[in-house]
Amino acid sequence: MPYTSELKQLIKKVEATRAARVEAKRRGEEFPLLTLKEREERLKKYHPDFKEGSRKEIRVGPNKGYSISPEIVHILEAKSRVNPDVIDLNKIAYETDVLILGGGGAGTAAALTAQENGVQVLIATKLRHGDANTMMAEGGIQGATKGTKDSPYYHYLDVLGGGHFKNIPELAYTLVTEAPKVLAWLENLGCMLTKLPEGQLKSLHGGGTCRKRMHYAADITGAEIMRTLRDEARNRPEDIKVLEFSPAVELILNEHGHCAGAVLYNLETEEYFVVKAKAVIMATGGSGRLHIQGFMTTNHYGATGDGLIMGYRAGVRVCFLHTVQYHPTGAVFPEQAEGLLITEKFRGAGANVLNIDGEQFVNEREPRDVESASFIRECDEVGKGIPTPTGKVGIWLDSPMIDILMGEGAVKREFPGKFILFKRFGIDISKEPMLVYPTLHYQNGGLEYNSLCETSVPGFFATGEVSGGVHGENRLMGNSLLDVTVFGRIAGVSASRYAKEKAKEGTLNLDHVRRYHKELEEAGIVTDRVAPMLLPDYSNPNVRERQLTAHYLGTIR
Amino acid sequence: MEVEATKKEELVPIFIMGKRYEVPASLTIQKAMEYAGYQLIRGCGCRGGICGACGTVYRFPGTYKIEVGLACQTVVEPNMYLTQIPFFPATKSVYEMEKITPSVETLVKHYPELLRCLQCNTCTKSCPMDIEVMDYIAAGMRGDIARLAELSFDCVMCGLCTSRCPAELCQYNIAILGRRLYGKYVAPRAEHLASMVQEVEKGKYEQMLRGLMDTDEETLKNLYTSREIEPEQADENWTPKDKTYL
């Protein structure tokens, strides 16, 4: 749907201020950045994390008493999908050295390094191999690669500043020092990173970066990385097997308390079955599809936080889940594109953000949490948001500036994915701005792990969005693709080494699930909720009413 | 949650695998199927037009033309007869990237069917991403790896081209081989990247980073606030005033 005549009228106000804003940008004049103190005040007043009712105490498990989003508490305070007394753990369907739960960027990177380390790998994934948030990451991947102006030292400072200085130092250190190596690895795999004619990687700013170190593959960086890693995994079919449409629903431990496999569920035949492994890597990704506080999300259909509850039941602590990342720029128009990620790269390339009068109200490159809070303030308190035909409200993202600053055709060339998409809706984003509003984007926290991806349970490793600590309380853009590749590779090495050197044979059990169920009962939590959720519930309530003989377990029929 | 907002809207008839349902006119095919009562397992992935899980073909009564689209990106139209093609068998050749060359020989060795292309252009007409599929296949046959990579770059690997190819090519797997050859062998290497990797491996930044890791939060905050910010409009040759930590 093209812009309505009302919105077209409002766009004139954006156009009216554009020439002056472009001139200011050319002179190097920017809307002033907030000080650290101002950032803090803005977050406390306007960020959804601080809203009343946004946190709830967990009543069971290793983090009892820790307050996080109620939507995540609900999956933690839920029963297993499997009754430990019913499933027969002696019937083993698959046996492998390293079992990887999740076939996204982190899981696939882990599969590659584990295989190189000489072990057999089985990837179990909920949907298709590569159906993951990695595929959807658009803007880029950070890494200090240009030694004349940048170094891991500055990358580290930016990572900590973005994370409110709460990041686990060792994890942040690993992230920034491995970054150049990972980029070289991707280049060597044939990943088509966008380059200058002589071969230098193109780079841009992201929110909260002090140097332009955000590298990219047009505006589909994650898709390019994911399809390259997946193709490489498919080049090693003897050692890397993939089970699609078979999400994990529970970890299996053995008599020594070591992780020794998982129970998987075949979404199509509805069977539960056992995989025995010497080491298990949790790489199930994030949780945007829990729709925290009712927010729309940029996340993948399968992002339901499955790994959190499986790890938590097995005794692994969670951390940094008290903050959730809202991406400042999710589409709010047209309705069909609602929630869709509009990459931060638009702002990195110079596009201003504007209110209904075409005025700037925040620098477009604040860290994501500050930027989002500023949008919410402008819409809710100042009242200068732009109303959409469906009763939502948004902020202008002035993409046409990019064509003026970088030359005609720049939007089409640098953002081909979004250009085509909006063109289909009858909107030319090189001529008309986009309407955006914060959207649920990233799980900052997750399972506790160390820089070798080890958790508190021997034989159990965590990597990627399911883990927490490296980004502190807020991740910077370009650091999640980096996270999945850096820590994916490390998890593969650590788990394969463990499988070869330390794994101990033992009888399989689900006693931790029994204990967890007992703990729920003792805490007086009476619920029919089950977790992992596996898929969100987008069913039509009217249809449900008529499904007289259907039986649902959680959201799944 | 996603269907509720649209309750009051005008309803239009669509035919999912031949069966009639009335759905709100503004929905995408994907949301319309959910509205109709489907819980999607196959044929649904990113819901954002990039993963290629939801390739869909449709037709209108009285017309010969086969239309294509991604279910998550295509808005329903009255009387469309649709079905999803969530999976289509494909050939995937296995290769060692270190041992191949960026040439037509490599493409033909791994996908000999490449040469069976009839140039009928059905692949291009079947592409929901508006990619010139036949043209990139032609570029491959000429050994123009760069053109093959460039033209196929937006491919989401949904497989609709492959489902309709009379010569039985698997275009999207040929394309990714071409893109990887381009990225690895044709595009010039990033020398600054190689030298940074060397410096990191030599431990050049070790001490400065350990210093930061041991610093208290107040000092870190000061370092953070006072760090020099590269101007947005600066060109490739910009260098900071303070080079101590480079």
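This is a short talk on chain B and on the side of chain A that touches chain B.

Hi everyone. One thing before we start: this is a predicted model.

Let me begin with chain B overall. Its secondary structure comes to 10 helices and five strands. So how spread out is it? The radius of gyration of chain B is 25 Å, and the globule rule would give 18 Å for 246 residues, so chain B is more spread out than a compact globule. If you picture a box around its C-alpha atoms, along the principal axes, that box is roughly 75 × 55 × 30 Å. Of the 246 residues in chain B, 39% are buried. And if you take the contacts in chain B between residues at least 6 apart in sequence, 60% of them join residues at least 24 apart.

Now for the sheet. The five strands of chain B make an open sheet, and the order is β2-β1-β5-β3-β4, with mixed pairing. Which strands stand at the edges? Those are β2 (19-24) and β4 (67-70) of chain B; each has a single partner strand, so one side of each is left without a neighbour in the sheet. From one strand to the next, the twist averages 35°. Helix α1 of chain B, residues 29-36, packs on this sheet and touches β1, β2, β3, β4 and β5 of chain B. The direction of that helix makes about 110° with the direction of β2(B).

Let's look at β1(B) and its partners. With β2(B), it pairs in the antiparallel sense over six bridges. These two strands form a hairpin with two residues between them, and M17(B) in the turn has a positive phi of about 50°. With β5(B), β1(B) runs parallel, and two bridges join the pair. If you want a residue to click on, try I16(B): its bridge partner in β2(B) is K19(B), and in β5(B) it stands opposite L82(B). You can also find F15(B), whose bridge partner in β5(B) is Y81(B).

Last, the interface. How many residues are in contact between the two chains? We have 76 residues of chain A in contact with 75 residues of chain B. On the chain A side, the helices that each supply at least two residues include α1 (5-26), α6 (152-162) and α8 (221-234). The largest share comes from α7(A), with 10 residues. By class, that side of chain A has 36 nonpolar, 22 polar and 18 charged residues.

That's my tour, thanks for listening!

Notes
Residues are numbered from 1 along each chain as its sequence is written. Chains are lettered from A and ligands numbered from 1 in the order in which they are written. This is a predicted model: local features need pLDDT of at least 70, side-chain atom pairs count only at pLDDT 80 or more; totals for chains, interfaces and linings use all residues. Two residues are in contact if their C-beta atoms, placed from the backbone, lie within 7 Å. Helices (H or I, at least four residues) and strands (E, at least two) are DSSP runs, numbered from the N terminus. Ala, Val, Leu, Ile, Met, Phe, Trp, Tyr, Cys and Pro count as nonpolar, Asp, Glu, Lys and Arg as charged, and the others, Gly among them, as polar. Two strands pair if DSSP finds at least two bridges between them. Axes are lines fitted to C-alpha atoms, for helices over the stretch in contact, and angles run from 0 to 180 degrees between N-to-C directions. The radius of gyration is taken over C-alpha atoms; the globule rule is 2.2 Å times the number of residues to the power 0.38. A residue is buried if 20 or more other C-beta atoms lie within 10 Å of its own, exposed if 12 or fewer, and partly exposed in between; C-beta atoms are placed from the backbone.
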